[in-house]
Amino acid sequence: MELLKQIKLNASKLNKRIVLPEGTEPRTLKAASIILKEKIARVILLGNEEEVASKAKELGADVSAAEVINPKTDMRRDKYADMMVEIRKKKGLTKEEALKLLNDPLYFGPMMIKAGDADGELAGAINATGDVLRPAFQFVKTLPGVSVVSGAFLMFVDKKFGHDGVLVFSDCAVMPDPDAQQLAEIAITSAATAKSIVGLEPRVAMLSFSTKGSAKHPLVDKVVEAVRIAKEKAPELMLDGELQLDAAIIKEVGELKAPESPVAGKANVLVFPGLEAGNIGYKLVQRLAGAEAIGPVLQGMAAPINDLSRGCSVEDIVNMVAVTANQAQ
Ligand code: ACO
């Protein structure tokens, strides 16, 4: 896969510091040894130093070039706690509470990024999505002008679809039930992901079970409204909807159902109307069509923090560290 090679090559050039909070987790340690050997990124492992070293030795994973930091004893705790209190002062966070939160690597990692001591984070091999994302939402927050973080997958399918077989699917990981405004934002940030990570010229399809008014339902109205908002916010973007999946990606169907659409039949960014469709949709393509799925790539966050599926492989972690490093540029 050429694109993946390119993403890794670019990551090597960037030489970013990626923090892995699950520092004693076996797949993470094996991935860290590969990342260091292939010089994809600099690695920061969080955890008790002795435990990290003994687990790595047991696995035969050479992580000697990684920085290992114990969130419970690190001397930056006090500074980070002050920053946390400042960020959450409206929520009444006390220093004592902040110091307690910092014992958790899933809070310590994002604070390293916030303080400029790391460039990105990847976690989730043994933690649920919500537990990885909540500290990031609370302390790293969203990019200026963005209110909602969402999760995209880079899907590698048959070359006749998307951009030479590459499509971006979104949101497949975060927002259970986006409203029209949020859906419009998801479309715009997904286009940015397609451009910056995949390097393709985005053609965004806003998916529904209706094409250009073929069905009437409040769920269709939501997508129509999202299209209107997205076009208003980003008039330069090639974006259209509402489109059914076949009208979005198959030329003949697009020509038949939406002949005026600049996107129909050739979309390379698919925006699902809600998380149920997005999460089930990407897994269907991955499992039944045997597509490679890389992600979720979180978009809209002020710094790159990515979440893994708990079923992830060592290779998935290596790939996602490369993606995270690319996002940090
Ligand atoms: N973007 C930006 N900020 C957000 C978002 C978002 N999408 N969602 C919540 N927040 C912020 C809130 O504004 C709030 O900030 P505040 O504390 O400063 O006011 C903070 O995060 C916590 O908000 P809650 O509403 O309490 O959010 P909660 O933690 O309950 O839920 C979560 C957030 C965990 C992401 C939830 O939306 C969720 O569970 N989503 C589904 C995740 C999932 O299970 N995905 C499928 C698996 S992933 C896969 O298969 C690859």
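The following exercises, with worked solutions, concern strand order and helix packing in a predicted model.

**Exercise 1.** Determine the strand order of the open sheet of six strands and identify its edge strands.

*Solution.* Step 1: the order of the six strands is 8-7-9-6-5-10, and their pairing is mixed. Step 2: strand 8 (238-243) and strand 10 (292-299) each pair on one side only, and they are the edge strands. Step 3: the average turn between neighbouring strands of this sheet is 20°, direction ignored.

**Exercise 2.** State whether strand 7 and strand 9 run parallel or antiparallel, and find the bridge partner of Val204.

*Solution.* Step 1: strand 7 (residues 203-207) and strand 9 (residues 269-271) are joined by three bridges and run parallel. Step 2: Val204 has Val269 in strand 9 as its bridge partner.

**Exercise 3.** Establish which strands helix 12 lies across.

*Solution.* Step 1: helix 12 (residues 275-288) lies across strand 5 (150-156), strand 6 (166-170) and strand 10. Step 2: relative to strand 5, helix 12 runs at about 20°.

**Exercise 4.** Classify the packing of helix 2 against helix 3 and describe the residues in contact.

*Solution.* Step 1: the axes of helix 2 (residues 26-37) and helix 3 (residues 49-59) are 10 Å apart and form an angle of about 75°. Step 2: angles of 65 to 115 degrees count as roughly perpendicular, and helix 2 and helix 3 are therefore roughly perpendicular to each other. Step 3: helix 2 contributes Pro26, Leu29 and Lys30, which meet Val52, Lys55, Ala56 and Leu59 of helix 3. Step 4: the residues of this contact comprise five nonpolar, no polar and two charged.

Technical notes
Residues are numbered from 1 along each chain as its sequence is written. This is a predicted model: local features need pLDDT of at least 70, side-chain atom pairs count only at pLDDT 80 or more; totals for chains, interfaces and linings use all residues. Side-chain values use heavy atoms; hydrogens and water are left out. Two strands pair if DSSP finds at least two bridges between them. Helices (H or I, at least four residues) and strands (E, at least two) are DSSP runs, numbered from the N terminus. Axes are lines fitted to C-alpha atoms, for helices over the stretch in contact, and angles run from 0 to 180 degrees between N-to-C directions. Contact means heavy atoms within 4.5 Å. Angles under 35 degrees count as roughly parallel, over 145 as roughly antiparallel, 65 to 115 as roughly perpendicular and the rest as oblique. Ala, Val, Leu, Ile, Met, Phe, Trp, Tyr, Cys and Pro count as nonpolar, Asp, Glu, Lys and Arg as charged, and the others, Gly among them, as polar.
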